[in-house]
Amino acid sequence: MDKVFKALADETRRYLLDRLREENGQTLGELCARVGMTRQSATQHLGVLEAANLITTVRRGREKLHYLNPVPLHEIQERWIGRFDQPRLRALSAIKRQAEAAMKPEFVYVTYINSTPEKVWEALTDADLTAAYWGHHNVSDWQVGSSWAHRRADGSGIDDVVGEVLESDPPHRLVTTWKDPADVAVSSTVTFLIQPYGETVRLTVTHEGLADGAERAQAASGWAAVLSNLKTLLETGQVLPLPPWEMPER
């Protein structure tokens, strides 16, 4: 049992077992190709797995095939899990996964803009440009660890969103936290990924850590409106005649 736990403690060896679970009976060369390592390194890992009886090998001509042996894992299951009610544990696990997914939904929006990564980055971080298509100045020096504010462009100086810059890699990637100034204990995270795509730019916005489905729906509507206006500004030099968030649904 000690050999089994030692073998399973290594991430690479667990990955090798996963590959054999997906497709049993692979050669050394096939496994090396899947994990991207040298034959010598893979052979050492496979030797540890074989010593723990987690894999077995069979010769087929000049080839040596590796097979997953589930017996030691079954023994662990019987010793520490089998005495419990497995259907109940599976049900609780499923409920936990669903609850966690429901508690922290995310929203992903992808748009293609006829522009350059540098101009898209500027449009996301320049206070005057964001005011033009968003109605808010995005204010920060955009250095990692700095604060940022989503400040109304009506001269009131009110910040509707505040947060911190987590990642800043111009003109490729920007990650910030988003918080309500009235309740900074609650936070979500927005990632802007800017990628060249032929002669255009693919902008992917991911909003994670939303409170619930209603907040996700609100984010979906808001991001679609804002990014449509950003795209129009960069491609035509003009914003939409009426901000998308003010347009009637019908």
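The following exercises, each with a worked solution, concern a predicted model of one protein chain.

**Exercise 1. Overall description**

Task: State how many helices and strands the chain has, and what share of its residues is buried.

Solution. Begin with the secondary structure: there are nine helices and nine strands in the chain. Next, turn to burial: of the 250 residues, 33% are buried. Then consider the contacts with a sequence separation of 6 or more; residues 24 or more positions apart account for 42% of these. Finally, the accessible surface amounts to about 15000 Å², and carbon and sulfur atoms contribute 52% of that area.

**Exercise 2. The packing of helix 2 and helix 4**

Task: Determine how helix 2 is oriented relative to helix 4, and identify which residues meet.

Solution. Take the geometry as the starting point: helix 2 (residues 11-22) packs with helix 4 (residues 39-51) at an angle of about 75 degrees, and the axes are 10 Å apart. Angles of 65 to 115 degrees count as roughly perpendicular, so helix 2 is roughly perpendicular to helix 4. The residues can then be listed: helix 2 supplies T12, R13, L16 and L17, which meet H45, L46, V48 and L49 of helix 4. Sorted by class, this contact comprises five nonpolar, two polar and one charged residues.

**Exercise 3. The surroundings of L31**

Task: Establish whether L31 is buried or exposed, and name the residues that L31 touches beyond four places in sequence.

Solution. First locate the residue: L31 belongs to helix 3 (residues 28-35). Its relative accessibility is 0%, and L31 therefore counts as buried. Leaving out residues up to four places away in sequence, L31 touches L16, R19, L20, Q26, L46 and H66. For one of these, L20, the separation is 11 residues in sequence and 8.5 Å between C-alpha atoms. Two further members of the list, L16 and L46, also appear in the contact of helix 2 with helix 4.

**Exercise 4. The length and burial of helix 9**

Task: Check the end-to-end distance of helix 9 against the expected span, and find what covers its buried residues.

Solution. Helix 9 (residues 213-236) has 24 residues. The expected span is 1.5 Å times one less than the number of residues, so a span of 34 Å is expected for helix 9; the end C-alpha atoms are 34 Å apart, which agrees. The buried residues of helix 9 include A219, W223, A225, V226, L227, N229, L230, T232 and L233. Their cover includes three helical or strand elements from the middle of the list, helix 7 (117-125), helix 8 (127-134) and strand 7 (173-180), together with strand 3 (107-113), strand 8 (183-197) and strand 9 (200-208). Just after the helix, G237 has a positive phi of about 85 degrees.

**Exercise 5. Backbone exceptions**

Task: Say where N53, W142 and P171 are found, and describe the backbone at each.

Solution. The background is that most residues other than glycine have a negative phi, and most peptide bonds are trans. N53, which is not a glycine, has a positive phi of about 65 degrees. N53 is found in the loop between helix 4 and strand 1 (55-60), and counts as partly exposed because its relative accessibility is 38%. For W142, phi is positive, near 60 degrees. W142 is found in the loop between strand 4 (136-139) and strand 5 (147-152); at 9% relative accessibility, W142 counts as buried. Lastly, P170 and P171 are joined by a cis peptide bond with omega of about -5 degrees. P171 is found in the loop between strand 6 (159-169) and strand 7.

Technical notes
Residues numbered from 1 in each chain as written. Predicted model: local features only at pLDDT ≥ 70, side-chain atom pairs only at ≥ 80, totals over all residues. Heavy atoms only, no water. Helix = DSSP H or I, 4+ residues; strand = E, 2+ residues; numbered from the N terminus. Buried < 20%, exposed > 50% of the residue type's maximum accessible area, 1.4 Å probe, protein only. Contact = heavy atoms within 4.5 Å. Areas by Shrake-Rupley, 256 points an atom, 1.4 Å probe, with all protein chains shown as cover. Axes fitted to C-alpha atoms, helices over the stretch in contact; angles between N-to-C directions. Parallel < 35°, antiparallel > 145°, perpendicular 65-115°, else oblique. Nonpolar A, V, L, I, M, F, W, Y, C, P; charged D, E, K, R; others polar.
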